[in-house]
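Please work through the exercises below with the sequence and the model open beside you, and try each task before reading its solution.

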Amino acid sequence: MADRVLRRFLSLHQAWLDFLAVACLGVCVLWAGIHLDLYEKLARFNIQHESWQADEFFLGLVVMGWCGFAFGIRRVYELRKEILNRRLAEKAAVDMAIHDTLTRLPNRRGLELEFHSRRLCPNDPFFLVLFDLDGFKSVNDVYGHSYGDRLLRELANRISTSLPDGDFACRLGGDEFALILRSTKTAESACLFLDQLASLISSPMVFDSVRLCTAGTYGVAQFPKDGIDLSSLLRRADLALYQGKHDGKNTVRFFDPSRDVQLEEQSQVVQLLREALDNGYLSLAYQPIVALEDERIVGFEALARLNHPVHGSISPLHFIPAAERSGLMRELTTLLLERACREATVWPEHLLLAFNLSALDLRDECLVNRVRSVLQRSGLPPNRLELEVTETAVVSDFVMASKHIEALHDMGIRIAMDDFGTGYSSLAQLAQFNFDKLKIDRTFISTVLQNDKNARIVQAVLSLSKGLSLTALAEGVETRAQAQWLSEAGCDMAQGFLFSEPLSETRLRELLGSLSKSGDEAA
Ligand code: C2E
Ligand code: CA
Ligand code: CA
């Protein structure tokens, strides 16, 4: 400790120490000179050796000494100026490093400094708010980046003028800002403040003749309840923000721990799915589709399977939504569709392949081209492929879905409406799209014998499909009695554990082998 203080003292006062050392040396020399009568001896020496011109030499030394002294003072002055400029430049560089150049608000580094600048005390709660503008991208796209920049500057101005003393605002990048609210101590008062801030932010801004309106979504985490360090508070505020965006934007959301567990699980599924795609852990199971009339197999529905060597089997009900969220759906659909098509090419020609498309596939501009090239690569004729789409998927982008369905239909591919009855079940959809098949969801089939209302709904759907010349298929048929009832009600096809559960590729080939053998024997 003492050593550190000494070193610090020495480094700070080096110039003064140098001065002291030189001054001491000078005093010592002067003292010795006086005691030894050096000057008189020098004068005498000069007189005795006038011809040597030593007096001129010593005079020169005295003049040079004074000149050196004046030069030294001048240099010290220049040096002080230099140090001052350097300190200013350093201050400006630090300022730039912790501030955002566009809005002049502190940036992420500034947030870190602010967070660590005060002693964190568990009895002194505060809120970390992340907020993100809704639809900022469209301002940039429609009006150009200069308007986007002006909007951000005005917004920063509004935020900083509305913040009470002690609170802090910064821009993290793009249209994302963070606030530290120390002046509010309860969730209610933080919510009240954010409501006021939201209405201030959403009041229109006019630049030239352009009027811009914007709104934000706020995610809030509380210290120390939701985390005691900056990164966990940021992560949790971000989860709350994500939740707010998901729930319809322009909202304030506080972090909810139960949601955190859910999101953690979801992100783990995404991780496992990535691994599965890289290492080939994905496979397909094929469930037979039978004609109810004589229970002969007319085709197979391909169902995705993920068997992880460590985590075991993961349901498509988990990994398909994970693929949609993480942008992996495209890759997954292409991979599985190609595999299923290749498999179907070795089946007898009358057997149909049914394949599920996700909502995201239907919104993909390139869907039709992707399907076309998969069919070309695999060699499966388009009339042997049936693509299943759900009502919800169709509704999510009606225009795009209708364009795709039309084009796929024109190629000769059949389209089935899957899970009918669980989504919007809109008659307009049935009229608008060229469906070939209606698959009645298994929630209706499972209770068709117990629930009179469901039985009537199924009957109505069956007569509707007949009226529209659509093939009706009942999903999830598990008992002989259900199959009997459906057959009598006029249902054309069925799928379900009564006939067969989804089969692995090997078991499917065994089944096809035994079917062709029994066909040969019958012939
Ligand atoms: P889905 O299209 O309705 O598929 C039928 C689901 O019902 C399958 O579940 C199947 O195993 C199950 N099932 C069949 N018969 C019965 C039965 O008699 N009783 C009961 N309780 N269930 C039966 P799975 O394989 O877990 O698939 C669930 C969902 O995941 C599928 O529902 C489909 O929406 C989606 N999915 C599966 N594979 C894919 C795929 O390759 N791509 C896309 N986009 N979605 C897929
Ligand atoms: Ca399906
Ligand atoms: Ca279904």
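The exercises that follow deal with the ligand sites of this predicted model.

In this predicted model local features need pLDDT of at least 70 and side-chain atom pairs count only at pLDDT 80 or more, whereas totals for chains, interfaces and linings use all residues. Residues are numbered from 1 along each chain as its sequence is written, chains are lettered from A and ligands numbered from 1 in the order in which they are written, and side-chain values use heavy atoms, with hydrogens and water left out.

**Exercise 1.** Describe the shell of residues around ligand 1.

*Solution.* Step one is to count the neighbours: 23 residues surround ligand 1 (each with a heavy atom within 4 Å of it), and Ala 304, Arg 305, Arg 442, Glu 478 and Phe 497 are the closest. Step two sorts the shell by class, which gives 11 nonpolar, 5 polar and 7 charged residues, where Ala, Val, Leu, Ile, Met, Phe, Trp, Tyr, Cys and Pro count as nonpolar, Asp, Glu, Lys and Arg as charged, and the others, Gly among them, as polar. Step three assigns the shell to helices (DSSP H or I, at least four residues) and strands (E, at least two), numbered from the N terminus: β9 (296–308), α11 (316–326), α12 (329–344) and β13 (414–420) each supply at least two residues, and β9 gives the largest share, 4 residues.

**Exercise 2.** Find polar side-chain atoms that lie close to nitrogen or oxygen atoms of ligand 1, using pairs of N or O atoms within 3.5 Å.

*Solution.* Begin with the nitrogen, where a polar side-chain atom of Gln 287 lies 2.9 Å from a nitrogen atom of ligand 1. Then turn to oxygen: a polar side-chain atom of Glu 301 lies 3.2 Å from an oxygen atom of the ligand, and one of Asn 356 lies 3.1 Å from an oxygen atom of ligand 1. Finally, the protein covers 84% of the 790 Å² of accessible area that ligand 1 has on its own, by the Shrake-Rupley method with a 1.4 Å probe.

**Exercise 3.** Which residues coordinate the two calcium ions, and which of them is shared?

*Solution.* First list the protein donors (N, O and S atoms within 3.2 Å for Ca; water is not among the atoms, so sites may look incomplete) of ligand 2: Glu 301 (OE), Asn 356 (OD1), Glu 388 (OE) and Asp 418 (OD), at 2.1 to 2.3 Å. Along the chain these donor residues are spaced E-x54-N-x31-E-x29-D. The pair Glu 388, in strand β12 (residues 385–390), and Asp 418, in strand β13, links distant parts of the chain, 30 residues apart. Next, ligand 3 is coordinated by Asp 418 (OD), Asp 419 (OD) and two OE entries of Glu 475, at 2.0 to 2.6 Å, with the spacing D-D-x55-E. Lastly, Asp 418 coordinates both ions, which are 3.7 Å apart.

Technical notes:
A polar contact is a pair of N or O atoms within 3.5 Å; within protein, one must be able to donate a hydrogen and the other to accept it, and residues adjacent in sequence count only if both atoms are side-chain atoms. Donors are N, O and S atoms within 2.8 Å of the metal (3.2 Å for Na, K and Ca); water is not among the atoms, so sites may look incomplete.
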